[in-house]
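I opened the model to look up some charged pairs, a helix packing and a few buried side chains. My entries follow in the order I made them.

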Amino acid sequence: MPLKSKFFLLFLQIFISLSLSIYSQVIFRDLPNYKLNKADLLFFDITETREIIPLDGLWKVFPKNDSEKSVNINVPSVFKGSGEFIFQKTFRLSSRQIKDNQIDLVFFGLNYSADVSLNKVIIYRHTGGDLPFTVKLPRDILKADADNVISVSLVYKLDSENTIPLKQRFFFPQNFGGLIRDVYLHLTPNVKIQKSDINSSIDFKGSKATISINSQITNNEFRSPNDTLPEQNNFTFITQIFSPDGKSVVATDKKDFELKRNREIQITNSISISNPVLWSPENPKSYLVRQEIFQAGNLVDRYDQSLALFSITATNENLLLNNQPASLNGVTYIPSFKTYGCMMSYAQMESDLQKIKDSGFNSIRFAKSIPHPYFLKLCEYYGLIPIIELPLANVPEGLSNSVNFTARVKSYLSLLLDAYSKFPTFKILNLGSSFIHSSEAHRSFLNNISSFVKSKKNLLISASFFGFDANKIEGIDLYGIEIFNKSVNDDNEKIKSLQEEIGKGRFFISEATYTANIGQTDGYVNDYSFEAQAKFFEDLLNFANEINLSGYFINTMFDLRGDYTSLTSGYDEDNIYKIGLISEDRKQERLAYKVISAKLRNAERVTIPIGAKKDDAPMIFIVTGLVLALIMGILVNSGKKFREDASRALLRPYNFFADVRDQRIISAYHSIYLALVISLVNALIVSNILYYLKTSFCFEKFLLSFGSPAIMSAISYLAWHPLNAIIWLFILTLMVMILLMLLIKAAAFFVRTKVYISSTFFTVVWSLLPIVLLIPVGIVLYRLLNADIANLYIFISLVLINLWLLYRLIKGIYVIYDVNPSTVYFYSAVFILAAFTIVIIYYEVNSSVIENILLTLKQFNIV
């Protein structure tokens, strides 16, 4: 079936039916030739006493209630669509491995929620989100030298209230279900360093760093009935810190301790380093902290951790890195690679971050998604200050007030902090984006969540805001604002004022986005071109230097794919958002990338051509309008009968509809031609409006409030394809007219007067006659709207015309029914209200549409 036919069927589903569900077979995708990077011993915590057993590869999967439909898939992998599936993997362990080790099951990420079972016993419940987590496998459930079965009962379905991220996601990456990252067993000795929290403080005046290490040591040995030897409980704990080059030990500490079986102990060390090597983006050098447990001279456990010594603090005057004023020259990075979503090979992850570093950026914001833990290792290695983000945006005010939602966010953050706190460069946490400064609900939510985070870990807390209001929030250290398709030069005074109000060291531009939806042109005077994108970011960097901005983040490094078709980014069958500095396949470096990279690396300036402004008004609007004018001219001059009928229908509608009721002669041919003209004029007007709204940020967010990918896809397609829009809207208008005819005929069963189908046809067509007066408007409407001179009055006029048409239609109905007008007005109002209510209730239940629309209206200061 051709693409256009598929689209048309989809379009009809949206506007005719309330059910937009498409049932299709779930297809799993895995990365070809994927391998777990076991060579990175430090990242996977592999030492002489610790090892891992990968569980990637083939797993059995089947629907939750239908085990007979099982298939083998590779893990990691993703699937599109919602559902409940059981994933199973078999593994074997020797009796020695089980006896001598604590065995942990490590998931780097699954989506969304899951129950994890071992040999049919549920041992862990993951409440949701693609966060890394670890599950301890109980010895009493494990089988020695026999098959053990791990079963993951996974549920994947995002909604508008209970998941993170939420269902409505603006410029978020594709969200897939499945075991989306590595799974492996981590074997550690029974007597082990269970956990080690490392904190550092730097005395810049005294050139000294103090390292505080709080280590939790556990003894999981169990006594066998065959044991006859006395219990050995005496151990030695040695801590060493190796220099960044690994050639020397810069500090050491030794402690003896006693630890009985099934007990644990906390050991705290405080170690000083003179003249420490400080980590920075320019000098990404890290120490190695090695902790070892010995018993009678024999190594029992060894645990290695990386230590990047640096401090980052925010004051009202400056953002300080290692006690020196600094600026976060950053870019957002949203892991997204073709049809695989966030799944990437280790080589691809390193290639992406190396590209970001080579471009001259010193910071990276992992926006709208949770990064693979390996990204944090790469940030430390390459010298990039990471910002991890809670993947929340555009949170409705009612939801942010919800106690259940706040508790869910806190649970999510607890998992996040547990998973990423061991990475020494993790110093900044962003609580989400598109919050409203003036919203008491958002302010209370941010205050509550930031207090919770700071009670667990000493981090800088940031939040990203929509708009330019200035209101400090207790617990928020860094305040970011979002800029979308609008030059900083247009709002420079507002930005400067906000910077002064909040403090220079606490204010930054968290997200600067420019959609390059028309591609390459001859210059930046053409909006939404690659050249205009380059000019947008050049102005941003110049402005940041001018006012000593503490940071900015360009959104984003690479194009990405989303679950919703974008309006502002341009229609794309694969839902690719064209907002990156580099194309999705990493092959096309756009002009904006070259301009930014040259400025950040102090290289020769890249020239951005000015060009000449091009008229983007589609010629099809003019051609269609002229053809309609020609057809109407032919109709008007075809005979006196049409002119008389048109005059009476327009000026004396009651008399005209009375003639229709009494079956007086009205030309069917004229009526058919008029119906076609009316449909085409309506299609032309709507196409003009959609083409104008195709770059409207507000309109896209309004549509997104419905949480329907089908609606987004259909409207975006029509907006960016004016010729096709006219064709499909023409057909749709005809179908709506036919539907109105059938509804009027069906309602006639409740009146005494006999109503013929021909009467309903004439009533519908001739009541809409005033539409033909808009033919000249259809030719110039887009140009008028684009001039942005009297848009409000234009839209009010169009609304009034539609109300007039509705009035004429209702008048025609009560005339041909020969009943009291008030009765028809009443039931018409009831029918319209009922239809509207059903649609709203449907989307409210499925997508919380009302709360999301109210948020959009508040963001754009409409209410």
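**Entry: Lys641 and Asp645**

I looked up Lys641 and found a salt bridge to Asp645, with the closest N and O atoms 3.3 Å apart. This is a predicted model, so I note the distance as a computed one. Both residues sit in helix 12 (residues 640-651), and being 4 residues apart they are separated by about one helical turn. I then checked accessibility on each side of the pair. Lys641 has 31% relative accessibility and therefore counts as partly exposed. Asp645 has 2%, so it counts as buried. I wrote one reminder in the margin: side chains of opposite charge can pair when their charged atoms come close.

**Entry: Arg661 and Asp662**

Next I went to Arg661, whose side chain meets that of Asp662 in a salt bridge at 3.2 Å, N to O. Are these two buried or exposed, or in between? Asp662 counts as partly exposed at 38% relative accessibility, and Arg661 counts as partly exposed at 23%. I then followed the shared partners. Lys641, Asp645, Arg648, Asp659, Arg661, Asp662, Arg664 and Asp818 are joined into one network by salt bridges that share partners. The pair from my previous entry, Lys641 and Asp645, thus belongs to one network with Arg661 and Asp662.

**Entry: Lys486 and Asp491**

I picked another charged pair. Lys486 forms a salt bridge with Asp491, and their closest N and O atoms are 3.5 Å apart. Lys486 has a relative accessible area of 40%, so I list it as partly exposed. Asp491 is at 7% relative accessibility and therefore goes down as buried. How many salt bridges does a search of the whole structure find? I noted a total of 41.

**Entry: helix 14 against helix 19**

I wanted to know how helix 14 (residues 668-693) and helix 19 (residues 775-787) lie against each other. Their axes come within 9 Å and cross at roughly 5°. Angles under 35 degrees count as roughly parallel, and helix 14 and helix 19 are therefore roughly parallel to each other. From helix 14, the contact is made by Val681, Leu684, Ile685, Asn688, Ile689, Tyr691 and Tyr692. From helix 19, the residues in the contact are Ile775, Val777, Gly778, Ile779, Leu781, Tyr782, Leu785 and Asn786. Sorted by class, the contact has 12 nonpolar and 3 polar residues, and no charged residues.

**Entry: Asn219**

I moved to Asn219, which is in strand 14 (residues 208-219). Its relative accessibility is 2%, so Asn219 counts as buried. What does the side chain of Asn219 reach? I found the backbone oxygen of Lys260 at 3.4 Å. Leaving out residues up to four places away in sequence, Asn219 touches Asn190, Val191, Phe235, Leu259, Lys260, Arg261, Asn262 and Arg263. Lys260 thus appears among the residues touched by Asn219, and its backbone oxygen is what the Asn219 side chain reaches.

**Entry: Leu158 and Asn175**

I then looked into the loop between strand 11 (147-156) and strand 12 (183-189), where Leu158 is found. Asn175 lies in the loop between strand 11 and strand 12 as well. Leu158 has a relative accessible area of 12% and is therefore buried. Asn175, at 14% relative accessibility, also counts as buried.

I listed the neighbours of Leu158, not counting residues up to four places away in sequence: Tyr112, Thr163, Pro165, Leu166, Lys167, Arg169 and Asn175. By the same rule, Asn175 touches Asn111, Tyr156, Leu158, Pro165, Arg169 and Asp563. The side chain of Asn175 makes a polar contact with the side chain of Asn111 at 2.7 Å. I also took one distance from Leu158 to Gln324, which is 166 residues away along the chain. The C-alpha atoms of Leu158 and Gln324 are separated by 44 Å.

**Entry: whole protein**

Last, I noted the overall figures. The protein has 22 helices and 32 strands. Its C-alpha trace spans about 115 × 65 × 45 Å along the principal axes. Of its 863 residues, 56% count as buried. Among contacts with a separation of 6 or more, 73% are between residues 24 or more positions apart.

Key. Residues numbered from 1 in each chain as written. Predicted model: local features only at pLDDT ≥ 70, side-chain atom pairs only at ≥ 80, totals over all residues. Heavy atoms only, no water. Axes fitted to C-alpha atoms, helices over the stretch in contact; angles between N-to-C directions. Helix = DSSP H or I, 4+ residues; strand = E, 2+ residues; numbered from the N terminus. Parallel < 35°, antiparallel > 145°, perpendicular 65-115°, else oblique. Contact = heavy atoms within 4.5 Å. Nonpolar A, V, L, I, M, F, W, Y, C, P; charged D, E, K, R; others polar. Buried < 20%, exposed > 50% of the residue type's maximum accessible area, 1.4 Å probe, protein only. Polar contact = N/O pair within 3.5 Å; in protein donor to acceptor, adjacent residues only side chain to side chain. Salt bridge = Lys/Arg side-chain N within 4 Å of Asp/Glu carboxyl O.
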